[in-house]
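Got a model open and want to poke around its empty spaces, charge pairs and odd backbone spots? Let's go through it as a quick back-and-forth.

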Amino acid sequence: MELAITLAQQIFSMILMIFVGYLAVKKNILTYEAGSVLSTLTVYILCPCLIFSACQIDYSPDKLKGLLIGIAAAIAVHILFIPLSRLIARIFPMDELDRASLIYSNSGNLIVPLIGAILGGEYVFYSSAYLAVQTILFWTHGIRLVTGEKGSIKKILLNPNIIATAVGIAFFLLPIKLPSLLEETVDKIGGTIGPISMFSIGIIMSSVPLKKAFTSLHAYLIVFLRLIVMPLIFVLCVFASHLAALSPLTGKVMVATVLAAAGPTAVSIAQNTQIHGKEAAGAGMVNVMSTLLCVITMPLIILVYQLLCL
């Protein structure tokens, strides 16, 4: 129960940051076009620094084992979510952008800062496993859903997020540590991702008629599936498999994985529609609604997880 309450408090703090971005546009301090700059900054600089920084920890066999468990758990989540989203799209009228919203959570911009604030650095490292898997999948499978463009192998390999993932894991395994000044710099840059991403969501929110957003049955359907149905199905799978009870280490990793799986829709969905000059209002609407409502749903999901699995 304590974890659920702390989680709700931290999410609420981030929601207040969203309203700072929203009010900045409404009061003509920022323009909507500034959101594209912040989106580009987040996707190509802040997120890679965050991924790399999470891997700059001392090597140990237990941490390596936890990383591998985290990678396997993250792969399992997406193996579940991708076909599940396809099945749901056959039942309800949904486009590819809706499917991306069901599959990909805000595991970097929201979940990693949340886990760092609530659970500490070790859990951030384990959550980076989810972030690494989702980064690779998003920039291959997800980007096709979001933009309709096929990612070339060259673009995938040269993507800063995938480079940061590969280099970060390599540095952890070798192990190699950056000089303290560089490590501190990268860590501080990555540490700004929470507020800047929230400002970005707020700027996107300024273009979304909130009355329309909160009266859209379709948006409610996507948000309900993303925040409640999808993560609950995963929690039930964890419960049925008894994975969380295998060891204290597995329990730690699964907490980070469940939080990532239960997060709101990835802000990178709306950001990439904006970067590629496509209509971002629909994705922004779902992202805003899911981010605002996750203050209620994420603590409930983690509470269900604790009651069933721990």
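What follows is a set of questions and answers on this predicted model.

Q: How many cavities of 30 Å³ or more does a search of the whole structure find?
A: Rolling a probe the size of a water molecule over the atoms shows where empty space is left. For a cavity, the probe has to fit but be unable to get out. Run over the whole structure with a floor of 30 Å³, that search comes back with 2 cavities.

Q: Which helix gives the most to the lining of the largest cavity?
A: The largest cavity holds about 190 Å³ of space. Helix 2, helix 5 (107–118), helix 6 and helix 14 (267–275) are the elements that give two or more residues to its lining. With 5 residues, the top contributor is helix 6.

Q: How many charged residues are in the lining of the largest cavity?
A: There are 19 lining residues, and Cys47, Asn109, Leu131, Thr135 and Ser268 sit nearest the centre. Only Asp, Glu, Lys and Arg count as charged here. The lining splits into 8 nonpolar and 11 polar residues, and the charged count is none.

Q: What is the volume of the second largest cavity?
A: Its lining is made of Ile51, Cys55, Leu67, Ser128, Ala129, Ala132, Thr165 and Ile169. Helix 6 and helix 8 each give two or more of those residues, and helix 6 gives the most, with 3. By class the lining has 6 nonpolar, 2 polar and no charged residues. The volume comes to about 30 Å³.

Q: How many charged residues line the second largest pocket?
A: This pocket has a volume of about 170 Å³. Of its 13 lining residues, Leu50, Ser53, Ala54, Val124 and Asp187 are the closest to the centre. Helix 2 (34–54), helix 6 (121–147) and helix 9 (180–191) each supply at least two lining residues. The lining has 5 nonpolar and 5 polar residues, and the charged ones number 3.

Q: Is Arg99 buried or exposed?
A: Arg99 forms a salt bridge with Glu96, with the closest N and O atoms 3.5 Å apart. Both lie in helix 4 (residues 96–103), 3 residues apart, or about one turn of the helix. Glu96 is partly exposed, at 39% relative accessible area. Its partner Arg99 has a relative accessible area of 8%, under the 20% cut-off, so Arg99 is buried.

Q: How far apart are the closest N and O atoms of Lys188 and Glu184?
A: Side chains of opposite charge can pair when their charged atoms come close. Lys188 and Glu184 both lie in helix 9, 4 residues apart, about one turn of the helix. Lys188 is exposed at 53% relative accessible area, while Glu184 is partly exposed at 42%. In their salt bridge, the closest N and O atoms are apart by 2.9 Å.

Q: Which side chain meets Glu183 in a salt bridge?
A: A search of the whole structure finds 3 salt bridges, and Glu183 takes part in one with an N to O distance of 3.6 Å. Glu183 is partly exposed, with a relative accessible area of 24%. Its partner is partly exposed too, at 40%, and that partner is Lys177.

Q: Which residue is joined to Leu174 by a cis peptide bond?
A: Most residues other than glycine have a negative phi, and most peptide bonds are trans. The bond after Leu174 is cis, with omega at about -20 degrees. The residue on the other side lies in the loop between helix 8 and helix 9, and that residue is Pro175.

Q: What is the phi of Asn28?
A: Asn28 lies in the loop between helix 1 (2–26) and helix 2. It counts as exposed because its relative accessibility is 68%, over the 50% cut-off. Asn28 is not a glycine, yet its phi is positive, at about 65 degrees.

Q: Where is His242?
A: His242 has a positive phi, near 60 degrees, despite being a residue other than glycine. At 53% relative accessibility, it counts as exposed. Its place is the loop between helix 12 (217–241) and helix 13 (248–261).

Q: What is the accessible area of the nonpolar patch on the surface?
A: Helix 7 (153–157) and helix 8 (160–173) each supply at least two of its residues. One of the members is Ile163, which lies in helix 8 and counts as partly exposed at 37% relative accessibility. Ile153, Leu157, Leu158, Ile163 and Val167 together have an accessible area of about 470 Å².

Note on methods. Residues are numbered from 1 along each chain as its sequence is written. This is a predicted model: local features need pLDDT of at least 70, side-chain atom pairs count only at pLDDT 80 or more; totals for chains, interfaces and linings use all residues. Side-chain values use heavy atoms; hydrogens and water are left out. Patches are made of residues with over 30% relative accessible area and no salt bridge: like charges are joined within 9 Å, nonpolar side chains (Val, Leu, Ile, Met, Phe, Trp, Tyr) within 5 Å. Accessible areas come from the Shrake-Rupley method with a 1.4 Å probe; for residues, only the protein chains shown count as cover. A salt bridge is a side-chain nitrogen of Lys or Arg within 4 Å of a carboxyl oxygen of Asp or Glu. Buried means under 20% relative accessible area, exposed over 50%, partly exposed in between (1.4 Å probe, protein chains only). On a 1 Å grid over the protein atoms alone, a cavity is a set of points where a 1.4 Å probe fits but cannot get out, and a pocket is an open set with protein on both sides within 12 Å along at least five of seven lines; lining residues have an atom within 4 Å of a point. Grid points are joined across faces, edges and corners, and a volume is the space filled by probe spheres set on the points.
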